[in-house]
Amino acid sequence: AELIRRGFGFVQTLAIGVAALALLGTVFLLYDSLRTGLSPWRMVESYLANSLQENLKLYAELDLPPEQVAFIRDNAPKLLRFFMTIFPSIALVSIVACIWANLLAGRFLLRIGGIGVVDDVDLSLWKAPERLIWVLIASGGFLILPVEATQIIGINVLIVCAFLYLLQGLSIAGFFFRAKNVPALVRFLFYALLVLQQYLLIIVAAFGMFDLWVDFRRFIRRRGNQTPS
């Protein structure tokens, strides 16, 4: 709120908010590391291991097939290593999503309260930088290299790039909803499906990536301007 009051743009406010939250989280992690005598990485590993065990208990209580629970339990060490590998990108994506959601909610509440927003930018027109596609391609190249360090870098960069393209895909969806005057209930169902059916996130992210060549907004705008003969 203070950044917006001072005239900072939406993207600037988002970047500063992400940096502040990441720094604050790092400081707390380092403080807890000094207090307990464990390295920060070991603390994260311990937290993920406990979360994995709690999820296994939850799966057992949900009456899932025993073979599925047994499969997850037997592969718990591999899952833990995988989560540790992608933890940096998942942490960054979570922070960005948190700040993004708070900014959107803040703008919505300000509009309801009749309070003007300094930088009321149209997020349905937002696009990821065009050069991001080369970062995505490079991350894919890192994944196929037979070096563990480059593979770790590749998967983390790939997740961040995919998240940015997901945001662009959501911007395209918001542009379509507004251009076609889609009812609020249909919009809510769409976003609810994204949460419940995660494979739809991949489709939306793909739309965001291919928008670099197709420009879906121009297509939607052109179709919307057509008049019946």
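This is a short guided tour of one protein chain, to be followed with the structure open in a viewer.

**The whole chain**

Begin with everything selected, and keep in mind that this is a predicted model. Shown as a cartoon, the protein chain has ten helices and zero strands, so that reading along the sequence gives the pattern α-α-α-α-α-α-α-α-α-α. If you turn the view along the principal axes, the C-alpha atoms fill a box of roughly 65 × 45 × 40 Å.

Switch next to a surface display, where the protein chain exposes about 15,400 Å², with carbon and sulfur atoms supplying 69% of that area. Of the 229 residues in the protein chain, 27% count as buried. Colouring by charge brings out 20 positive and 15 negative side chains, and the centres of these two sets lie 10 Å apart. Among contacts between residues at least 6 apart in sequence, 67% join residues at least 24 apart.

**Helices α7 and α9**

Now select residues 148-179, which form helix α7, together with residues 199-214, which form helix α9. Two packed helices are described by the angle between their axes and the distance between the axes. For α7 and α9 the angle is about 85° and the axes are 7 Å apart, which makes α7 roughly perpendicular to α9.

To see where the two helices meet, show side chains on both: the α7 side includes Ala-162, Tyr-165, Leu-166 and Ile-172, while the α9 side includes Leu-201, Val-204, Phe-207 and Met-209. Glycine is found on both sides of this meeting, as Gly-169 in α7 and Gly-208 in α9.

**Adding helix α8**

Keep α9 in view and add residues 184-196, which form helix α8. The axes of α8 and α9 come within 6 Å and cross at roughly 115°, so α8 too is roughly perpendicular to α9. Which residues of α8 should be selected to see it meet α9? They are Phe-190, Leu-193 and Leu-194, and their partners in α9 are Leu-200, Leu-201 and Val-204. Leu-201 and Val-204 are worth a second look, since they also appear among the α9 residues that meet α7.

**A stop at Ser-139**

Finally, move to helix α6, residues 132-144, and pick out Ser-139 within it. Is this serine, Ser-139, buried or exposed? Ser-139 counts as buried because its relative accessibility is 2%, and buried means under 20%. Leaving aside residues up to four places away in sequence, Ser-139 touches Gly-154, Val-157 and Leu-158. These three residue numbers fall within the 148-179 range of α7, the helix selected earlier in the tour.

Methods
Residues are numbered from 1 along each chain as its sequence is written. This is a predicted model: local features need pLDDT of at least 70, side-chain atom pairs count only at pLDDT 80 or more; totals for chains, interfaces and linings use all residues. Side-chain values use heavy atoms; hydrogens and water are left out. Helices (H or I, at least four residues) and strands (E, at least two) are DSSP runs, numbered from the N terminus. Buried means under 20% relative accessible area, exposed over 50%, partly exposed in between (1.4 Å probe, protein chains only). Contact means heavy atoms within 4.5 Å. Accessible areas come from the Shrake-Rupley method with a 1.4 Å probe; for residues, only the protein chains shown count as cover. Lys and Arg count as positive and Asp and Glu as negative; His and the chain ends are not counted. The place of a charge is taken as NZ of Lys, CZ of Arg, CG of Asp or CD of Glu. Axes are lines fitted to C-alpha atoms, for helices over the stretch in contact, and angles run from 0 to 180 degrees between N-to-C directions. Angles under 35 degrees count as roughly parallel, over 145 as roughly antiparallel, 65 to 115 as roughly perpendicular and the rest as oblique.
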